[in-house]
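Welcome! Here is a set of short exercises, each with a worked solution. Have a look at the structure, try each task yourself, and then read on.

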Amino acid sequence: MSSPGDAAFRFRDIWVVAYGPSIVSAIGHGAMLPVLAVRARDLGADVSTAAAIVAMTGVGMLLASLPAGALVARIGERRALVGAGLVDAVAMAGIALTDSVLGLAVGVLLSGVCWTLFLIARQGFMIDVVPTTHRARAMSLLGGSYRVGVLIGPLIGAGLIRVSDLTSVFWLGAAMSVTASCLAATMPDLGEEKRAAARASGHLGVWTVIAAHRRVLATVGTAVVILGTSRSLRLSLLPLWADHLGLSASTISLIFAGAAAIDVAFIWPGGWLMDTRGRMVVAVPVVLSMGIACLLLPLATDAVSVALVMALIACGNGLGSGIVMTLGADSAPDAGRSQFLGAWRLCGDIGNTGGPLLVSAVAAVAPLATACLVVGVLGIVGAGWVGYWTRRVDLARTAELTRR
């Protein structure tokens with residue numbers, strides 16, 4: 001199956017193989033993530049250890065980014081997706097069966113490794129199967145499929161816990177991972193010829209690819225770090241401020257649910273804008289909305305004003321669904337693509353991890369309102385960097401499309 005032509009391409013022709021595995025896998029992860037800390041506490045972990053267990057998913061993703069890219073280059077996207085789903089199922093089953101905190105930590109770490117492998121393989125497949133004129137919409141829907149899964153997963157998980165026990169959520173995760181693996185097995189293997197040629201000439205090393213493309217990783221890659229940092233702040237700074245105001249957990253959950261609905265509503269418009277108006281018109285609002293929201297947050301003194309700030313962030317975040325994957329697809333070379341995408345994934349993961357750490361560092365030495373202002377100013381400055389380099393990506397993309 002070759003990449004379809006621009007005029008003949010229809011999203012419904014690839015819907016099941018392109019988005020089915022992502023939605024199913026995300027349902028499992030979405031059900032698991034909210035109760036990981038509870039599972040750790042049930043096994044005897046203290047609060048700090050439970051928090052560290054939850055962080056193991058991100059640690060696994062960070063550690064696996066570069067090796068996962070190299071593995072995908074050797075075995076291909078389809079085998080990587082199938083393998084990641086099966087190993088993730090084993091990790092989930094281990095989490096359900098273990099009676100030790102250490103076993104839980106290992107299972108969560110392994111699940112994070114599998115998730116990174118899954119994401120890199122999914123992105124590579126989409127680059128092959130979708131024409132460049134529809135790339136951003138395809139990647140936005142890919143990011144949206146994860147959001148849908150994360151919305152559905154906790155609802156199913158909550159129902160299972162009511163009729164069974166906590167471990168049933170992890171068995172659900174295992175079942176979803178196996179299902180995702182089976183769906184991935186039905187997709188075409190598009191890169192066998194390239195992999196055969198690479199085997200004959202020798203696969204490019206990860207560090208060789210990084211060195212060859214160090215400029216784009218240091219410039220557009222830094223913009224991706226800023227994007228990741230901005231998007232992660234809503235999960236750390238907003239709950240802290242809401243708790244600072246004394247809002248109840250149920251009120252905070254409702255605010256996040258409303259923001260999630262706004263987020264999903266902006267997925268398709270964001271993809272369309274990126275394809276028709278360029279990447280910059282979406283990338284800048286993602287960072288700018290977060291920066292402005294952080295500056296406004298100290299003025300939010302009740303649930304309504306916090307919800308309005310969260311809605312502003314959700315608009316930017318929804319527009320930017322798939323922006324990191326889209327920029328990665330635009331920047332990825334033909335030779336060593338999977339290795340490059342592994343490095344690209346690492347940039348995004350550094351940003352996702354860096355946001356909460358930045359808030360923690362500032363809040364440790366200053367009031368939370370000061371942390372909001374510092375992060376907000378950094379966001380405004382970061383928007384300039386993101387705008388400059390994503391504009392360069394747009395110019396290069398326009399030149400490529402003109403040549404075609």
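**Exercise 1. In which helix does Asp349 lie?**

Please keep in mind throughout that this is a predicted model.

Step 1: Find Asp349 and look at the element around it; Asp349 lies in helix 17.

Step 2: Turn to its surface. The relative accessible area of Asp349 is 3%. Buried means under 20%, so Asp349 is buried.

Step 3: List its partners, leaving aside neighbours within four places in sequence. Asp349 is then in contact with Met61, Leu62, Ser65 and Thr116.

**Exercise 2. Describe the ring pair of Phe340 and Trp344, and compare it with that of Trp15 and Tyr19.**

Step 1: Start with the whole structure, where a search finds 6 aromatic pairs.

Step 2: Take Trp15 and Tyr19. Their ring centres are 4.7 Å apart and their planes stand at 45°, so this pair is tilted. Both residues belong to helix 1 (residues 15-32), and because they are 4 residues apart there, about one helical turn separates them.

Step 3: Check how open each partner is. Trp15 has a relative accessible area of 40% and is therefore partly exposed. Tyr19, at 0%, counts as buried.

Step 4: Now take Phe340 and Trp344. Here the centres are 5.5 Å from each other with 25° between the planes, and the pair is stacked. The cut-off to apply is that planes under 30 degrees apart count as stacked.

Step 5: Place this pair in the fold. Phe340 and Trp344 sit 4 residues apart in helix 17 (residues 337-365), so they too are separated by about one helical turn. Phe340 is buried, with a relative accessible area of 1%, and Trp344 counts as buried at 1%.

**Exercise 3. Which residues do ring pairs link into a cluster, and what does Ser25 touch?**

Step 1: Follow the ring pairs. They link Trp115, Phe118 and Tyr146 into a cluster.

Step 2: Go to Ser25, which lies in helix 1. Its relative accessibility is 4%, so Ser25 counts as buried.

Step 3: Set aside the neighbours of Ser25 within four places in sequence. Its contacts are then Trp115, Phe118 and Ala180. Trp115 and Phe118 also belong to the ring cluster.

**Exercise 4. Work out how helix 6 meets helix 7.**

Step 1: Look at the axes. Those of helix 6 (residues 135-163) and helix 7 (residues 167-184) come within 8 Å and cross at roughly 135°.

Step 2: Name the arrangement. Angles over 145 count as roughly antiparallel and 65 to 115 as roughly perpendicular, with the rest outside the parallel range being oblique. The crossing angle therefore makes helix 6 oblique to helix 7.

Step 3: Give the handedness: helix 6 passes helix 7 in a right-handed crossing.

Step 4: Find the residues that touch. Helix 6 offers Ile156, Gly157, Leu160 and Ile161, while helix 7 offers Ser168, Val169 and Leu172.

Step 5: Sort them by class. The contact has 5 nonpolar residues, 2 polar ones and no charged ones.

**Exercise 5. Do the same for helix 17 and helix 18.**

Step 1: The axes of helix 17 and helix 18 (residues 368-403) come within 8 Å, crossing at roughly 135°. That makes helix 17 oblique to helix 18.

Step 2: Helix 17 passes helix 18 in a right-handed crossing.

Step 3: On helix 17, the contact is made by Leu358, Val359, Val362 and Ala363. On helix 18, the contributors are Leu368, Ala371, Val374, Val375 and Leu378.

Step 4: By class, this contact has 9 nonpolar residues, with no polar and no charged ones.

**Exercise 6. Is Ala200 buried or exposed, and where is Thr133 found?**

Step 1: Ala200 lies in helix 8 (residues 192-201). Its relative accessible area is 71%, so Ala200 is exposed.

Step 2: Pick a second point, Pro154. It is 46 residues from Ala200 along the chain, and the two C-alpha atoms are separated by 47 Å.

Step 3: Thr133 is found in the loop between helix 5 (101-129) and helix 6. With a relative accessible area of 22%, Thr133 is partly exposed.

Step 4: From Thr133 to Ala196 there are 63 residues in sequence, and the C-alpha atoms are 28 Å apart in space.

How values were computed
Residues numbered from 1 in each chain as written. Predicted model: local features only at pLDDT ≥ 70, side-chain atom pairs only at ≥ 80, totals over all residues. Heavy atoms only, no water. Axes fitted to C-alpha atoms, helices over the stretch in contact; angles between N-to-C directions. Helix = DSSP H or I, 4+ residues; strand = E, 2+ residues; numbered from the N terminus. Parallel < 35°, antiparallel > 145°, perpendicular 65-115°, else oblique. Left-handed = near helix turned anticlockwise from the far one by under 90°. Contact = heavy atoms within 4.5 Å. Nonpolar A, V, L, I, M, F, W, Y, C, P; charged D, E, K, R; others polar. Phe/Tyr/Trp six-rings, centres within 6.5 Å; stacked < 30°, edge-to-face > 60°. Buried < 20%, exposed > 50% of the residue type's maximum accessible area, 1.4 Å probe, protein only.
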